[in-house]
Structures are given as C-alpha cells and as structure tokens.
Amino acid sequence: MENVLVVGATGTTGHKVVNHLKTSQDFEPIAMVRTAEQEQNFKAQNIRTVHGDLEQDVSHTVVEATHVIFAAGSGGKKVEAVDQDGAIKMIKASETGNIKKFIMLSSMGADNPKQSEKLQDYLQAKHNADVFLKDSKLNYTIVRPGTLNNNAGQGRIQLAKSLSKQGEISRDDVAQTLIQALRDHTTNTTTFEILEGETPIEEALQNIQ
C-alpha cells in the first residue's frame, strides 16, 4: 500500500477522492485537515489525517506520503493564496519529500485565462500553479475538467489534451480519473481535459491523444 496525501480532502471533490481511495487495494488516503472537527470526522471512518493549512508552512504534510492529489480550492475567495500559492507550496514540499507523483486538479480554461471574463482571476491562479508544476522536477498529471456537477458517476468520460468544447462532468468521475492517473504511466508529465462521455476512464487514460 502506498500513501496518497489528499489536499482538499474536506471539499466536495476531495472527499470523493478519499472515499474511493479508502476502498483501493493499492493506495491508502491521508486526508489533509485544518480543524480538530475535520480530523475526528475522518478518524471515525478509520482514515488517517494530517494537519495542514495552505496559507501556512505545509512541508510536514508530505512526510508519510508517496503520492499527492491536489484537489483543494478556495471557492473563488482566496484564489491567489490557496489555488495558486497554496498549490505552489505543496509542489515545493513534494519535491523536497521525493513524492513519486503529483496529481493536480486544475480546470478547463486554465491554458488561456484571458478568454474568460468572470473566472479570469481563478483561471490565472490555476494556470500559474500548473506552470509551476510543469517546471518542477516532479512526475505529474494535470487534469482539467469542465464544469463540475453532483450527478452520479458513470465511470465514463471524454478525454483529450484539448477537447475544444465546453461541458460538464460529475465530481465522482473526476475523482475516479484523478485516482486512475496515479496508476497509469501513460499520464506521466501530461495535461489533459475531461468531460462526461462514453469511454471507460481506464481506457481513456491509456489512449491519451
């Protein structure tokens, strides 16, 4: 079993990541939490935790981890402090901690933030974090989904380095994609977009175009 630090474990998508990892035969989740209440909620489910705040030093959070899934987000409230600088702190800590693979949950549109008027600041923060990760020495995968919804996961997606269209995808299918990216060598040092679709997630990742 290898240990996956889930950054953003208390968020909607991050929590789904933890729940899927909990049943994995390959990985064990470590949920990053900020409060004692959050810690107790995970411990009640026999899930390991580590205290960490993306606005503070996070170097200690990766000590017991072999992999990192970054699924944190500020919800538009602290895009620079959390979505950008917090992600960069985790990348630096992961480099020092010799993390085997860093999975970044980014966003469709992060390749060209200026195209969006409403989300430009958020997408710019995600863009800057993505660029920093690409320039790091880490093995990485950057996953850029369309608009997230809370529909039941289907286990099927559309995937391409650029899909050239907008759309939606369930948080559950995003969570499953992030976890599958831990396993597949075809996703090493790649960036791709995903939407809901008809191709099984594992197959889609093995045939990245």
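**Group meeting: strands, helices and cores of a predicted model**

Let me begin with helix 2 (residues 36-43), which lies across strand 2 and strand 3 and runs at about 165° to strand 3. Here contact means heavy atoms within 4.5 Å, axes are lines fitted to C-alpha atoms, for helices over the stretch in contact, and angles run from 0 to 180 degrees between N-to-C directions. Helices (H or I, at least four residues) and strands (E, at least two) are DSSP runs, numbered from the N terminus.

I should say early that this is a predicted model, in which local features need pLDDT of at least 70 and side-chain atom pairs count only at pLDDT 80 or more, while totals for chains, interfaces and linings use all residues. Residues are numbered from 1 along each chain as its sequence is written, and side-chain values use heavy atoms, with hydrogens and water left out.

Now to the sheet. It is an open sheet of nine strands, in the order 3-2-1-4-5-6-10-8-11, with mixed pairing, where two strands pair if DSSP finds at least two bridges between them. At the edges are strand 3 (48-51) and strand 11 (199-200), each of which pairs on one side only.

Which strands pair with strand 10, and in what sense? Strand 6 pairs with strand 10 in the parallel sense over five bridges, and T141 stands opposite T190 in strand 10. Strand 8 pairs with strand 10 in the antiparallel sense over four bridges; there, L159 stands opposite I194, and the bridge partner of I157 is E196. Strand 10 is also mostly covered, since six of its seven residues are buried, buried being under 20% relative accessible area, exposed over 50% and partly exposed in between (1.4 Å probe, protein chains only).

Helix 5 lies across strand 1, strand 2, strand 4 (67-70), strand 5, strand 6 (140-145), strand 8 and strand 10, running at about 160° to strand 5.

That brings me to the cores, a nonpolar core being a set of buried Ala, Val, Leu, Ile, Met, Phe, Trp, Tyr and Cys residues joined through side-chain atoms within 4.5 Å. The largest has 31 residues, and those with the most contacts inside it are V17, L21, I69, L159, L178 and I194. Helix 5 gives the most to this core, with six residues. Leaving aside its neighbours within four places in sequence, L159 is in contact with F192, E193, I194, A204, L205 and I208. Apart from this core lies another, of 25 residues, among them V7, A65, A87 and L138.

Helix 1 (residues 12-22) has T13, G14, V17, V18 and L21 buried. Why are these residues on the same side of helix 1? They cover an arc of only 145° around the axis, which puts them there; the arc is that of the directions from the helix axis to the C-beta atoms.

Two loop residues deserve a look. S164, in the loop between strand 8 and strand 9 (168-170), has a positive phi of about 60° although it is not a glycine, and S164 is exposed, with a relative accessible area of 68%. T189, in the loop between helix 5 and strand 10, is likewise not a glycine but has a positive phi of about 50°; T189 is partly exposed, at 48% relative accessible area.

Finally, the record: UniProt, in an unreviewed entry, places the feature "domain: NAD(P)-binding" at residues 8-184, although such annotations may be inferred rather than shown by experiment. In this model, the end C-alpha atoms of residues 8-184 lie 22 Å apart, and the span is 37% helix and 21% strand.
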